[in-house]
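Biologist: Please take a close look at the nonpolar interior of this protein. I would like one connected account that a first-year student can follow.

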Amino acid sequence: MNERKDENVQQIDDLIKSIYDGLVESKLPEVMKSKIRGELDQLKQFTLNARPARIAIVGRRGAGKSSLINAIFGEKRAEIGDVKARTGMGKWHTYESESGDLEILDTRGLGEADRPEEEFSHATALEEVQSSVKEKCPDAILFLSKAKEVSSRIDEDIEQLLQLRKMIETQHSYKIPIVGVVTQVDELSPKSADTPPFDNELKQSNIGEAVDVLAAKLEEAVGGQVKVIPVSAYMEFEGGEIVYDIRWNVDTLLDYLIEQLPNEAQMILAKLSKIKLIQKKLARRIGKSVAGITGAIGASPIPGPDIPIITGLQMAMVTSIGLIGGKRLDKKGVKEFLSALGVNAAAGLVFRQVARQLLKIIPVAGSVISGAIATAGTYALCEAAIAYFIEEKPLENVRNVYKTIFEKMKKEK
């Protein structure tokens, strides 16, 4: 873990500890304290306990395993075997970057007839994969099949996949999710429509048919619904630079995959993907959850002591969103961000003051308005943090995002 990661994690750790300390002295009801502790546990899983996602990618030779790895990173990370089987011993590869690491179990093709170029230690591809899985439990399996081959020899591959899943469940007591991936959709007819977004009607029909065939076979085998996603992952490189790129739907695959991962594996993969849509979705999930809790605290008829808890949760949320966007944050940086938005030292205090002003007009609805203001303010902060740390908008625009959403949610509440 590098120095930047240490600083960011320490910031989250300090904030969460301060909230726990505040709960000890708080007069909030125990039920509310329990909900806050649950929210803190979620934040810890996303941040303090964050680890690289572990993905097993399986499929026969030529299915596009190495191409998909390169497509996920947007750079050349795995060699592609065009003719002879290239990937040898099924082994975990740790791919490192400034945004974090990703662990991928890249395997020998399940239907190989010749020896791979790389070293291997077991007689069959399945035995090699099993050996690696004993070492580490994958979070999910991507089952790859070429679009043109979803009907050919697929039953043998699926049988081996089921053996692998059973072995994981026996070894680790984990029912691993399986995601089907139809690769190389650019090769389907008509070949002339080989550039994303592949909006040719016949092309899309053929892609849909390939997805349906693979989904039907996988669902029959596993006895339940299996998500199947079509992708194109082809890129060409020269001198380490991308010179040709027809990636398509890789973002959809990653978005779905992140939802299947344990919380502790989601943030790093979202950062690595560098796909803003995915990062924003995860950030909003955290923001809505924190906003709900701060709203509940605000609605409680407890005076000043609840303010540090609200503020701590808001700052932890902002810091988490900064982490998702791959940004460096410390306590001073978060306070500067809040100050730039016109939110003084304690955001919770500002929201409380607004609520008290409204109380003079509608005193009967005091606690409800206070909770609504806390919810609105927290979620407005979430969207402002997304605009600043993920979308990288100018601070003036970010300030407008904050004010607009805050005012809109206040009126709605």
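Modeller: What follows covers the interior, then one helix, then a patch on the surface. The model is predicted.

Start with the largest nonpolar core, which has 88 residues. Within this core, the residues with the most contacts are Ile36, Leu102, Leu142, Ile297 and Phe337. Helix H13, residues 366-390, supplies the largest share of the core, 12 residues. Apart from this core lies another one of 34 residues, including Val129, Ile176, Val182 and Val226. In soluble globular proteins, nonpolar side chains tend to be buried together.

Phe337 gives a view from one residue. Neighbours within four places in sequence are left aside here; beyond them, Phe337 is in contact with Val318, Ala384, Ala385, Tyr388, Phe389 and Val398.

Next is helix H10, which runs over residues 307-324. From the first C-alpha to the last, H10 reaches 26 Å, close to the 26 Å expected for its 18 residues at 1.5 Å a residue. Of those 18 residues, 17 are buried, so the helix is mostly covered, where buried means under 20% relative accessible area. After H10 comes Gly326, with a positive phi near 75 degrees.

The surface has nonpolar side chains as well. Tyr234, Val243 and Tyr244 make a nonpolar patch of about 260 Å² there. Tyr244 belongs to strand E8, residues 241-245. Is Tyr244 buried, partly exposed or exposed? Tyr244 counts as partly exposed because its relative accessibility is 34%, and partly exposed covers values between the 20% limit for buried and the 50% limit for exposed.

Conventions
Residues numbered from 1 in each chain as written. Predicted model: local features only at pLDDT ≥ 70, side-chain atom pairs only at ≥ 80, totals over all residues. Heavy atoms only, no water. Patch = residues over 30% accessible without salt bridge, like charges linked within 9 Å, V, L, I, M, F, W, Y side chains within 5 Å. Areas by Shrake-Rupley, 256 points an atom, 1.4 Å probe, with all protein chains shown as cover. Salt bridge = Lys/Arg side-chain N within 4 Å of Asp/Glu carboxyl O. Helix = DSSP H or I, 4+ residues; strand = E, 2+ residues; numbered from the N terminus. Buried < 20%, exposed > 50% of the residue type's maximum accessible area, 1.4 Å probe, protein only. Expected span 1.5 Å × (residues − 1). Core = buried A, V, L, I, M, F, W, Y, C linked by side-chain atoms within 4.5 Å. Contact = heavy atoms within 4.5 Å.
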